[in-house]
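Me: I should like a close look at a single part of this structure, explained for a first-year student. Please begin with one residue and then place it within the whole.

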Amino acid sequence: MQIPLPNHQATENLGYLLGRHLPACSTILLKGDLGAGKTTLVQGIGRGLDITESIVSPTFTLVSEYLEGRIPLYHLDLYRLSTEQVTTIYPEIYWEGIEVDPGITAIEWSERLSCYPRDRIEISLIYDEKKGRQATLTLFGSNDLNLSFLNDLTLKS
């Protein structure tokens, strides 16, 4: 599924819809260049979860936990880590709900993971000279997520 993102607000609105509709135990793997909008999308997810705390990129803290919303949001940023270092922070505890309450796990720079959750949404944020900024969403695993709430966004392309 491809969704046009003509501006910052459109990126945040995509996140908002994901936060509003996705159930606990949802994992979102984010890919894209620096400045592509990964953190903006996660800020929208937080807004959709009714989180009022300011959401910033956890580049130096690696993991931020937002527990006040409808369900928890776990925001990981793997930019500063190698694949070998990522395993030492045990990211699977978040998507498996081990030691934490089930929530939405959003992982920036997810290509640095050495293992992936079976059920996940991968979102690639790209810029195409002809089409502009876009999000490409791909579902993996046997999850039965219904993303029909995004249909209006895809019609605008």
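A residue in its helix

Reply: G15 lies in helix 1; helices (H or I, at least four residues) and strands (E, at least two) are DSSP runs, numbered from the N terminus. The model is a predicted one, in which local features need pLDDT of at least 70 and side-chain atom pairs count only at pLDDT 80 or more, while totals for chains, interfaces and linings use all residues. Residues are numbered from 1 along each chain as its sequence is written, and side-chain values use heavy atoms, with hydrogens and water left out.

Is G15 buried or exposed? G15 has a relative accessibility of 0% and counts as buried; the word means under 20% relative accessible area, whereas exposed means over 50% and partly exposed lies in between (1.4 Å probe, protein chains only). Apart from residues up to four places away in sequence, G15 touches L41, G44 and I45, where contact means heavy atoms within 4.5 Å. The C-alpha atoms of G15 and L49 lie 9.8 Å apart in space, although 34 residues separate the two in sequence.

Helix 1 itself covers residues 8–21. Its 14 residues reach 20 Å from the first C-alpha to the last, close to the 20 Å expected; the expected span is 1.5 Å times one less than the number of residues. A10, T11, E12, L14, G15, L18 and G19 are the buried residues of helix 1. At the N-terminal end of helix 1, N7 acts as a cap, with a side-chain oxygen 3.1 Å from the backbone nitrogen of Q9. A polar contact is a pair of N or O atoms within 3.5 Å; within protein, one must be able to donate a hydrogen and the other to accept it, and residues adjacent in sequence count only if both atoms are side-chain atoms.

Strand 5 offers a second view of buried residues. Five of the five residues of this strand (residues 104–108) are buried, so strand 5 is largely enclosed by the rest of the structure. I104, A106 and E108 point one way, T105 and I107 point the other way, and all are buried. T105, for example, has a relative accessible area of 0%. Leaving out residues up to four places away in sequence, T105 touches S26, T27, I28, Y74, L76, Y94 and W95.

Which strands pair with strand 5? Strand 2 (residues 26–32) does so in the parallel sense over five bridges, and strand 4 (residues 73–77) also runs parallel to strand 5, joined by five bridges. Two strands pair if DSSP finds at least two bridges between them. I28 has A106 of strand 5 as its bridge partner, and L76 stands opposite I107.

The whole chain sets these parts in context. Its secondary structure comes to five helices and seven strands, in the order β-α-β-α-β-β-α-α-β-β-β-α along the sequence. The radius of gyration is 14 Å, close to the 15 Å that the globule rule gives for 157 residues, so the chain is as compact as a globular protein of that length. This radius is taken over C-alpha atoms, and the globule rule is 2.2 Å times the number of residues to the power 0.38. Buried residues make up 48% of the 157 residues. Among contacts with a separation of 6 or more, 63% come from residues 24 or more positions apart.
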